[in-house]
Amino acid sequence: VQLQASGGGLVQPGGSLKLSCVASGSISSIAGMGWYRQAPGKQRELVAARVSGGATNYADTVKGRFTISGDNAKNTVYLQMNSLKPVDTAVYYCNAQIRLGAFTPAYNYWGQGTLVTVSS
């Protein structure tokens, strides 16, 4: 199983970026997908998460600015980031809880990370 994240880059404060992450491999089902971030010198933190049924959860610091969405058929999750601030600068990691078989537990998988830099 692989998670491939893309869409990071350099953006000015107040700008927007959209991250994408696609899961591939021998996947039976995906219980949920989400995004975490890790800024220099800080711990990795949850940004937003989405379960396969569509329910979502956001960190308080991004509520109203970021939107997580997904396409279950394509094993893909997106993160639309608007009104970006310098404090949003971090490496963003895609995360997914994936079942490899119909009756197996869901295991946690991580993507390679994509750097988002918010700076003028």
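Strands are DSSP runs of at least two residues, numbered from the N terminus. In this predicted model, Gly 15 is found in the loop that separates β2 (9-11) from β3. Gly 15 counts as buried because its relative accessibility is 19%, and the cut-off for that class is under 20%. Residues up to four places away in sequence being set aside, Gly 15 touches Met 81, Asn 82, Ser 83 and Leu 84. The separation between Gly 15 and Lys 42 is 27 residues in sequence, and their C-alpha atoms are 23 Å apart in space.

One of the residues in contact with Gly 15, Met 81, also belongs to the largest nonpolar core. This core has 29 residues, of which Met 33, Trp 35, Leu 79, Met 81 and Tyr 92 touch the most other members. Two or more residues of the core come from each of the strands β1 (2-6), β3 (17-24), β4 (29-38), β5 (45-51), β7 (66-71), β8 (76-81), β9 (90-99) and β11 (114-118). The contribution of β9, at five residues, is the greatest.

The surroundings of Tyr 92 were examined in further detail. When residues up to four places away in sequence are not counted, Tyr 92 touches Leu 19, Trp 35, Tyr 36, Arg 37, Val 47, Phe 66, Leu 79, Met 81, Gly 113, Thr 114 and Val 116. Among these contacts are Trp 35, Leu 79 and Met 81, which are likewise listed with the core members that touch the most others.

The pairing of strands was considered next. An antiparallel pairing joins β4 to β9 over nine bridges, and within β9 the residue opposite Gly 34 is Asn 95. Strand β4 also pairs with β5, again in the antiparallel sense, over six bridges. Here Gly 32 has Val 51 of β5 as its bridge partner. The hairpin formed by β4 and β5 has six residues between the strands, and Gly 41 in this hairpin adopts a positive phi near 80°.

A further buried position is provided by Thr 76, which is placed in strand β8. Thr 76 is classed as buried because its relative accessibility is 10%. A polar atom of the Thr 76 side chain lies 2.8 Å from the backbone oxygen of Lys 74. Apart from neighbours within four places in sequence, the residues in contact with Thr 76 are Cys 21, Val 22, Met 33, Ser 69, Gly 70 and Asp 71. Of these, Met 33 is also named among the core residues that touch the most other members.

Notes
Residues numbered from 1 in each chain as written. Predicted model: local features only at pLDDT ≥ 70, side-chain atom pairs only at ≥ 80, totals over all residues. Heavy atoms only, no water. Core = buried A, V, L, I, M, F, W, Y, C linked by side-chain atoms within 4.5 Å. Buried < 20%, exposed > 50% of the residue type's maximum accessible area, 1.4 Å probe, protein only. Helix = DSSP H or I, 4+ residues; strand = E, 2+ residues; numbered from the N terminus. Contact = heavy atoms within 4.5 Å. Pairing = 2+ DSSP bridges. Polar contact = N/O pair within 3.5 Å; in protein donor to acceptor, adjacent residues only side chain to side chain.
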